[in-house]
Amino acid sequence: MLDLSTWPFERLQAFAAGTNDWSQLESVRVVAQQHAYDSSQSRDARRHWAELSLLANRRMLHRGVEGSTRELRQEFALRTWVIEYLGPDDDNSAWSPDALGADTLATLRLSPLDAAASAGNWIELPIEQIRELRRYKNLTAHLERLVGHLRPGPTRDLLLLWIETRELLP
């Protein structure tokens, strides 16, 4: 097993760009995210590490429904963390609160009202529908931390409804 934790940024970036192996990409994602969280580094360096973590995570995406949910949740959580701790950047959609809000909504097929209605009797639903409601709960986990960074408007209003709906989901 490779110890990627000691690799410099450029080597890790090239490695991530050159592999399609899920476990190797996951290792890059984790190492890069750890560097992003390292408060001894500059804000710019931490953003670069976060971008590398997102690159690896996005390359892992679409490996199946469950994998996609996992990677999307990880992406949303990291982007929210960067916005919270390193500050938003509307010039880079990865660090834009409004872009993250829109990206979150794009992953949710049901409206908050439809999800809430389904959640009311979730125990009686087929397992596929219960899984879908759990998926929504996972994909909206970051919203309470994100919503304070959003501009007033329809996206923020809809995400506030999702925060309320999330409490009802199984």
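Here are some questions and answers about helix packing, cores and single residues in this predicted model.

Q: What kind of model is this, and from which number are residues counted along each chain?
A: This is a predicted model, in which local features need pLDDT of at least 70, side-chain atom pairs count only at pLDDT 80 or more, and totals for chains, interfaces and linings use all residues. Side-chain values use heavy atoms, with hydrogens and water left out, and residues along each chain, as its sequence is written, are numbered from 1.

Q: Are helices α2 and α3 roughly parallel or roughly antiparallel to each other?
A: Helices here are DSSP runs (H or I, at least four residues), numbered from the N terminus. The axes of α2 (residues 22–36) and α3 (residues 43–60) come within 8 Å and cross at roughly 160°; axes are lines fitted to C-alpha atoms over the stretch in contact, and angles run from 0 to 180 degrees between N-to-C directions. Angles under 35 degrees count as roughly parallel, over 145 as roughly antiparallel, 65 to 115 as roughly perpendicular and the rest as oblique. The two helices are therefore roughly antiparallel.

Q: How do the residues of the contact of α2 with α3 divide into nonpolar, polar and charged?
A: Contact means heavy atoms within 4.5 Å, and those making it include Trp22 and Leu25 of α2 and Arg46 and Trp49 of α3. Ala, Val, Leu, Ile, Met, Phe, Trp, Tyr, Cys and Pro count as nonpolar, Asp, Glu, Lys and Arg as charged, and the others, Gly among them, as polar. The division is 10 nonpolar, 4 polar and 4 charged.

Q: Which helix gives the most to the largest nonpolar core?
A: A nonpolar core is a set of buried Ala, Val, Leu, Ile, Met, Phe, Trp, Tyr and Cys residues joined through side-chain atoms within 4.5 Å. The largest has 23 residues, and Leu12 and Trp49 are among those with the most contacts inside it. Helices α1, α2, α3 and α4 each supply at least two of its residues. The one that gives the most, with 6 residues, is α3.

Q: Is Gly18 buried or exposed?
A: Gly18 has its place in helix α1. Buried means under 20% relative accessible area, exposed over 50% and partly exposed in between (1.4 Å probe, protein chains only). With a relative accessible area of 67%, Gly18 is exposed.

Q: Is Ser96 buried or exposed?
A: Ser96 is found in the loop between α4 and α5. Leaving aside neighbours within four places in sequence, Ser96 is in contact with Arg79, Ile83, Asp89 and Asp90. At 8% relative accessibility, Ser96 counts as buried.

Q: Are α5 and α9 oblique or roughly parallel to each other?
A: Helix α5 (residues 97–106) packs against helix α9 (residues 154–166) with axes 10 Å apart and an angle of about 55°. Gly101, Ala102, Thr104 and Leu105 in α5 meet Thr155, Leu158, Leu159 and Trp162 in α9. From that angle, α5 and α9 are therefore oblique.
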